[in-house]
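This report goes through one protein chain from a salt bridge to its sheet, its core and its backbone geometry. Please keep the sequence and the structure in view while reading.

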Amino acid sequence: MRVFIIFFVFLLFVQETTASSLSKETYKLDGKAITYHYTSGRSYHVKFTPKGISYQYLTGTSPSSWWGPFPYTAFEVYPNVYMVSWYEKGYGDHVTLLIDFNKKILYGSALIVTKEKNILHFHGARIEKVK
């Protein structure tokens, strides 16, 4: 399912692609921090560093707690538009973000693993702050 979602998002943004024209992995996000609010009501503060991505779940039970850093992979699919993915080792969560700094929007897809069940997160968000 996750692979299908990622493939579908790429189809929306890539018109004619050959293997040689695919984006290379980038670290341009290192040093950036963003705060965003999903349509589902969840809010996050995320920062990118050479050690990985770290985040605060602002609408969770411990909004001052930081999770991470988790190694991430990013591609700049268009100028200022990034596809980012990471795996939260030790927790089992898989997260993929499509971040559009031009429009200040973000789309997130995640499989969140809990003791009770797995939760599929698939929502859009407004980027509130970029540093």
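## A salt bridge across the sequence

In this predicted model, the side chains of Lys28 and Glu76 meet in a salt bridge, with a nitrogen-to-oxygen distance of 2.5 Å. Lys28 belongs to the loop between α1 (2-13) and β1, whereas Glu76 belongs to strand β5, so the pair ties together parts that are 48 residues apart in sequence. The count of salt bridges comes to one, and Lys28 counts as exposed, because its relative accessibility is 52%, over the 50% cut-off.

## Chain and sheet

The protein chain holds one helix and nine strands, and from the N terminus on its elements run α-β-β-β-β-β-β-β-β-β. The nine strands form an open sheet in the order β4-β3-β2-β1-β9-β8-β7-β6-β5, with antiparallel pairing. At the edges stand β4 (67-70) and β5, each with a single partner strand, so one side of each is left without a neighbour in the sheet. From one strand to the next, the twist averages 25°.

Within this sheet, strand β1 (residues 33-38) pairs with β9 in the antiparallel sense over five bridges, and Thr35 has Lys129 in β9 as its bridge partner. Strand β1 also pairs with β2, again in the antiparallel sense and over five bridges, with His37 standing opposite Ser43 in β2. These two strands, β1 and β2, form a hairpin with four residues between them, and Gly41 in the turn has a positive phi of about 105°.

Strand β2 continues the pattern on its other pairing, since β2 and β3 pair in the antiparallel sense over six bridges, where Thr49 stands opposite Gly52 in β3. The hairpin formed by β2 and β3 has two residues between the strands. Five of the seven residues of β2 are buried, so this strand is largely enclosed by the rest of the structure.

## Core and surface

Buried residues make up 38% of the 131 residues in the protein chain. The largest nonpolar core has 24 residues, of which Tyr36, Val84, Trp86, Leu97, Ile99 and Leu106 touch the most other members. At least two residues of this core are supplied by each of β1, β2 (43-49), β3 (52-57), β5, β6, β7 (93-100), β8 (105-113) and β9. Leaving aside neighbours within four places in sequence, Leu97 is in contact with Tyr36, Tyr38, Tyr82, Met83, Val84, Trp86, Leu106, Tyr107 and Gly108.

Among contacts between residues at least 6 apart in sequence, 34% join residues at least 24 apart. The protein chain exposes about 8200 Å², and carbon and sulfur atoms supply 59% of that area.

## A buried histidine

His121 is found in strand β9 (residues 118-130). With a relative accessible area of 8%, His121 is buried, because this value is under the 20% cut-off. Apart from neighbours within four places in sequence, the residues in contact with His121 are Tyr38, Ser40, Gly108, Ser109, Ala110 and Ile112. Tyr38 and Gly108 also appear among the contacts of Leu97.

## Backbone exceptions

Most residues other than glycine have a negative phi, and most peptide bonds are trans. Asn80 has a positive phi of about 65° although it is not a glycine, and its place is in the loop between β5 (72-78) and β6 (81-88). Asn80 is partly exposed, with a relative accessible area of 36%. Beyond neighbours within four places in sequence, Asn80 is in contact with Ile99, Asp100, Phe101 and Asn102; with Ile99, the separation is 19 residues in sequence and 8.1 Å in space, C-alpha to C-alpha.

Lys104, a residue other than glycine, likewise has a positive phi, near 60°, and is found in the loop between β7 and β8. At 39% relative accessibility, Lys104 counts as partly exposed. As for the peptide bonds, a cis bond with an omega of about 10° joins Gly68 and Pro69, and Pro69 has its place in strand β4, one of the two strands that stand at the edges of the sheet.

How values were computed: Residues are numbered from 1 along each chain as its sequence is written. This is a predicted model: local features need pLDDT of at least 70, side-chain atom pairs count only at pLDDT 80 or more; totals for chains, interfaces and linings use all residues. Side-chain values use heavy atoms; hydrogens and water are left out. Buried means under 20% relative accessible area, exposed over 50%, partly exposed in between (1.4 Å probe, protein chains only). Contact means heavy atoms within 4.5 Å. Two strands pair if DSSP finds at least two bridges between them. Axes are lines fitted to C-alpha atoms, for helices over the stretch in contact, and angles run from 0 to 180 degrees between N-to-C directions. Accessible areas come from the Shrake-Rupley method with a 1.4 Å probe; for residues, only the protein chains shown count as cover. A nonpolar core is a set of buried Ala, Val, Leu, Ile, Met, Phe, Trp, Tyr and Cys residues joined through side-chain atoms within 4.5 Å. A salt bridge is a side-chain nitrogen of Lys or Arg within 4 Å of a carboxyl oxygen of Asp or Glu.
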